[in-house]
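The exercises below ask you to read sheets, buried polar residues and salt bridges from a structure. Work through each task before turning to its solution.

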Amino acid sequence: MNPIQPTLFRQALCTAALALWVPLAWAQGTVYVSSEKDDALTLIDTGTLTVKGTIATCKRARHVQLTPDRKLMVACTDSNAADLIDLATGKSLRRVPLGDEPEAFDISPDGKTVYVSNEDAGEASFIDFASGKVLRTVKVGGEPEGVKLSADGKTLYVTSEVASLVHVIDTASGKVLKNIKAGKRPRRMAFNAGGTELWVTNELDASLSIIDTAKQEVVGTIKFEVKGARAEDISPVGIQMTRDGKRAFVALGRANHVAFVDVASRKVTNLVLVGKRAWNVALDKAEARLYVVNGLSDDITVVDVAAAKAIKSIPVGRVPYGLVVVE
Amino acid sequence: MRLRHTLAGLCMLALLPGGAQAAVLKATLIVPQDDSRLERSRAERAYLGHPTGPAANGLAVALEEGQFELDAAGSSVALSNAEAATLEAARAAAVAAEKAGAAVLLTDLPEAWTLAVADAVKLPVLNIGNAADSLRQQDCRARLFHLPPSERMRADALAQLLVSRKWSKVLLLAGPSPADQQRAATAQASLRRYGLQVVATKAFKLSADPRERALANPVLLTGGQTYDVVWVVDSDGEFARLVPYGTSLPRPVVGDAGLVALGWHAQFERFGAPQVARRFAKAHKRPMTAHDWSAWLAGKMLVALATTQPKGPNAAWAQALAKTTVDGSKGTTLSLRPWDGQLRQPLLLTDGQGVVAQAPVEGLLHPRNVLDTLGVDEPEKLCKAPR
C-alpha cells in the first residue's frame, strides 16, 4: 500500500474537521475594511475568511469605527464627511459633515459629539452628531492625526504629525491643557485597561511613547526592533490593546510586521510577518485573531494570536486603511 | 514674517514661568537680487528641477506650520531676508547678519557666492538652492550644509532606476556649457558605479541653423546606433524638452527631461506629502517644486533647532544643527551626512505628471544606511574639510 495515502487521508480528515469547527469557534462576523482609492468598504466573513461583498462609501474612506448605537461610521477625507452605515442593510443612513479633510475621529460616550482631526486646517473639531453642526474648533499642531477620548469623555487626545505633539484638550472648555512632546510623527493611540496610560505610536521614530494620563507626561518609551530591518524602516502606526489591557498589538508599517507587546513589562514578545506596510490592526471579540491592514499590498493579514502566526491574507480594495470587526 | 515671529517670541517670554528666557533663533536668508532663474519667461517654462518662485515661500510655509510647536516649546524663529547683487554684496550681507546676531545663515546662491558667504562668517550655512557637486566635494566647508540633493545624488537615482529596469545601454547627450560638461561627467560616474554602458556621448547645440542640424536635431543626434535609453544633460532645459518623443529609436529619455530625479514633486502621493504640497499651493498659488521643498525643509530645520533650545552662544546652535533630524514628508527621518554636510533623502523620479518611482530603488543594499547609496559615500573621502 502506498504509504502516502493514509497521511493524505488524515490531512483531508483534519481539514474537514477544521472546516466544520471554524464556524462554531468564530461566530458569524464581518470585518469592514476601508480603502483610500476605491471609495468602498470590503466585507470579509470571519468564518470563511473570504470577501463577501463591498459597500460604496464617501470619497477616500479612512478611519472607520462603530458608534455607541452600533452603526458603522466611516470618515472620508475627500468628502469632508462620514458615512453612517446601517449594519443590517449595508446602506448609508446619512452623511455626517466632519469639517475639511477629516482623518480620524472619536465619539463621546453618550454618542452626541464627534471629535475629529482636520488635517489640512490643523484643527480638532467638535461636531454635534445629530445636526452635523460644528460646535467648536481647536487649533492644534500641523497635520493632526489620531483622536482619542478618555472613557469619561472629559479629555481629548489629538496627535500632531508635524509638531510631534500629543495635545491634551479639555472637552468642556475646548482649551488645550497641555502639549506633550512625543517621538517623531506621532500617529495612533490606545488606552490601557484602566485608562491610566495612553500609548502613542511614533511613525518616524520606530517607537511608542507611554503617557501617564494623571501626570500628562511621557513616562516610558518602547523602541521596536526587527531583525533585518533598520530603525528607519520601522514605522509604527496602528495599535490596539486587549480588553484586559495586558497585551498590545502594534503595526510596524514598512517593517511589514506586527509587534505583540506585553504591557506590564513593556517588552515585545512576538513579531509576526504580515503584508506590505502594515497600517492598522483590529482584534476580534474573542481576541483570538488579529486583522492587519496592509496599505501597500492591498490586502489584510489574519493573524492567529495564540500561535503568533499569520494564517491567511485576503485581497481587499486599493490602498486599504482602517478596519472594524463586527460580531 | 520677521515681526510676527519676533512678537510671538516676546509673548512667550512673558508667559514662561520662573523668568526662563525664551530661545529666539535668528536666521538670515541671502538670495540673489533680480534672480535670473525667476524671470517670468523662465519660471513659466517650469522646466523640471528649476525653481519657479523665491525660496522665501517655502520657508514661510514651514515657519507657519511650525508655530504651534515653537509656541509649545517657548521658542521662536526670527527670519530676515537679504538680497545681494554681487558676490561681494552676498559676503557683506553675511557679515552684517552675523553682527546682528544671526545664528544660522541660509543661502540660495551660485557656488562662488555660497563659498564667499561660508568663508566670511563663523556661522553654520544652510545651502537651500545649489546642487553643485563641488560644494560637497573639493570645495566643501565644515559649517556648510546642503539641503537639495547634489547632482551626484540625482544621477545615482536615475542610474539605479536604469539598473532595476535593465536598461543598460545609454546614449548620453550633453550641452555645451561648463555646467553641462561637469554634470555629464557626474552622470558618467553614476553610470560607472552601477555598471551601465555608455554607447556614445554626443554634444548637442540649441540652434535652428540648418548647417548645424547634426548638433541640433534630436533625431539625427540619436540615429545610427542602438541604445536602451537616452540620457540628456541640459542645465538650461530648452533643448532637453525636445528630446522625449524626438529620438530616432523609440526609447525612453532620462536626465533633464523625460524622467527626472528630484527632491520633490507636488504629485507625490505618500507620507503626508499631499498635505505639504497643498499647504504650499494654497499659500503661494503655484505648485510646490523641488526648490521649494528644500526651502521648506530649511524652515523645518530652523523650527527643529529652535525647539531644542541649546544653551550657550551661537556655537551651540551650530553643533545642534549638525545633529538635527527632520521629517521631510518623504517617509523617513532625514539627517545630515557627517562627511560632507549633505542631507540624506529619498529622491522622486518624475515625468512631470506624477511620481513614477523612488530612489533608492527597492532591493538595493548598503552596509549602514540605504539612503547613502545616493551621492558620494563616506569611504570616497571627497570632502577633506574637518568637521
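**Exercise 1.** Is A:Ser150 buried or exposed, and what does its side chain contact?

Solution. This is a predicted model, and the answer applies to that model.
Step 1. Take the relative accessible area of A:Ser150, which is 13%.
Step 2. Compare this with the cut-off: a residue is buried under 20%. A:Ser150 is therefore buried.
Step 3. Locate A:Ser150 in the chain: the residue sits in the loop between strand 12 and strand 13 of chain A.
Step 4. Look for polar partners. The side chains of A:Ser150 and A:Asp152 make a polar contact of 2.5 Å.
Step 5. Set aside neighbours within four places in sequence; A:Ser150 is then in contact with A:Thr155 and A:Phe191.

**Exercise 2.** What is the strand order of the open sheet that contains strand 12 of chain A, and which strands are at the edges?

Solution.
Step 1. The sheet has four strands in the order 12-13-14-15 (chain A), and the pairing is antiparallel.
Step 2. Strand 12 (144-149) and strand 15 (176-181) of chain A each pair on one side only, and these are the edge strands.
Step 3. From one strand to the next, the twist averages 20°.
Step 4. Examine one pair. Strand 12 of chain A and strand 13 (residues 155-160) of chain A run antiparallel and are joined by four bridges. In this pairing, A:Val147 has A:Val158 in strand 13 of chain A as its bridge partner.
Step 5. Check what lies over the sheet. Helix 3 (residues 55-73) of chain B lies across strand 14 (165-170) and strand 15 of chain A. The helix runs at about 75° to strand 14 of chain A.

**Exercise 3.** Describe the open sheet with the order 24-25-26-27 in chain A.

Solution.
Step 1. The sheet has four strands with antiparallel pairing.
Step 2. Its edge strands are strand 24 (278-283) and strand 27 (309-315) of chain A, each pairing on one side only.
Step 3. The twist averages 25° from one strand to the next.
Step 4. Strand 26 (residues 299-304) of chain A runs antiparallel to strand 27 of chain A, with six bridges between them. A:Lys309 in strand 27 of chain A has A:Asp304 standing opposite.

**Exercise 4.** With which residues does A:Arg62 form salt bridges, and is A:Arg62 buried or exposed?

Solution.
Step 1. Recall the general point: side chains of opposite charge can pair when their charged atoms come close.
Step 2. A:Arg62 and A:Glu36 meet through their side chains in a salt bridge, at 3.7 Å from N to O. A:Arg62 is in strand 4 (residues 61-66) of chain A, while A:Glu36 is in the loop between strand 1 (30-35) and strand 2 (40-45) of chain A, and the two residues are 26 residues apart.
Step 3. A:Arg62 also forms a salt bridge with A:Glu103, where the closest N and O atoms are 3.4 Å apart. A:Glu103 lies in strand 8 (residues 102-107) of chain A, so this pair ties together parts 41 residues apart in sequence.
Step 4. Assign burial. A:Arg62 has 6% relative accessibility and so counts as buried. A:Glu103 is buried as well, with a relative accessible area of 1%. A:Glu36 is also buried.

**Exercise 5.** Why does the salt bridge between B:Asp327 and A:Arg185 join two chains?

Solution.
Step 1. Establish the pair: the closest N and O atoms of B:Asp327 and A:Arg185 are 2.5 Å apart, and the residues form a salt bridge.
Step 2. Place both residues. B:Asp327 lies in strand 11 (residues 326-327) of chain B and A:Arg185 in the loop between strand 15 and strand 16 (186-191) of chain A, so the pair joins two chains.
Step 3. Assign burial. B:Asp327 counts as buried at 8% relative accessibility, and A:Arg185 is buried at 3% relative accessible area.
Step 4. Widen the view. Both residues belong to a network of salt bridges, whose other members include A:Glu145, A:Arg187, B:Glu65 and B:Lys300. Over all chains, the whole structure has 42 salt bridges.

**Exercise 6.** Where is B:Asp372 found, and which side chain makes a polar contact with its own?

Solution.
Step 1. B:Asp372 is in the segment after strand 14 (355-359) of chain B.
Step 2. Its relative accessibility is 3%, so B:Asp372 counts as buried.
Step 3. The side chain of B:Asp372 makes a polar contact of 2.9 Å with that of B:Arg344.
Step 4. Not counting residues up to four places away in sequence, B:Asp372 touches several residues, among them B:Arg193, B:Trp339 and B:His366.

Note on methods: Residues are numbered from 1 along each chain as its sequence is written. Chains are lettered from A and ligands numbered from 1 in the order in which they are written. This is a predicted model: local features need pLDDT of at least 70, side-chain atom pairs count only at pLDDT 80 or more; totals for chains, interfaces and linings use all residues. Side-chain values use heavy atoms; hydrogens and water are left out. Two strands pair if DSSP finds at least two bridges between them. Axes are lines fitted to C-alpha atoms, for helices over the stretch in contact, and angles run from 0 to 180 degrees between N-to-C directions. Contact means heavy atoms within 4.5 Å. Buried means under 20% relative accessible area, exposed over 50%, partly exposed in between (1.4 Å probe, protein chains only). A polar contact is a pair of N or O atoms within 3.5 Å; within protein, one must be able to donate a hydrogen and the other to accept it, and residues adjacent in sequence count only if both atoms are side-chain atoms. A salt bridge is a side-chain nitrogen of Lys or Arg within 4 Å of a carboxyl oxygen of Asp or Glu.
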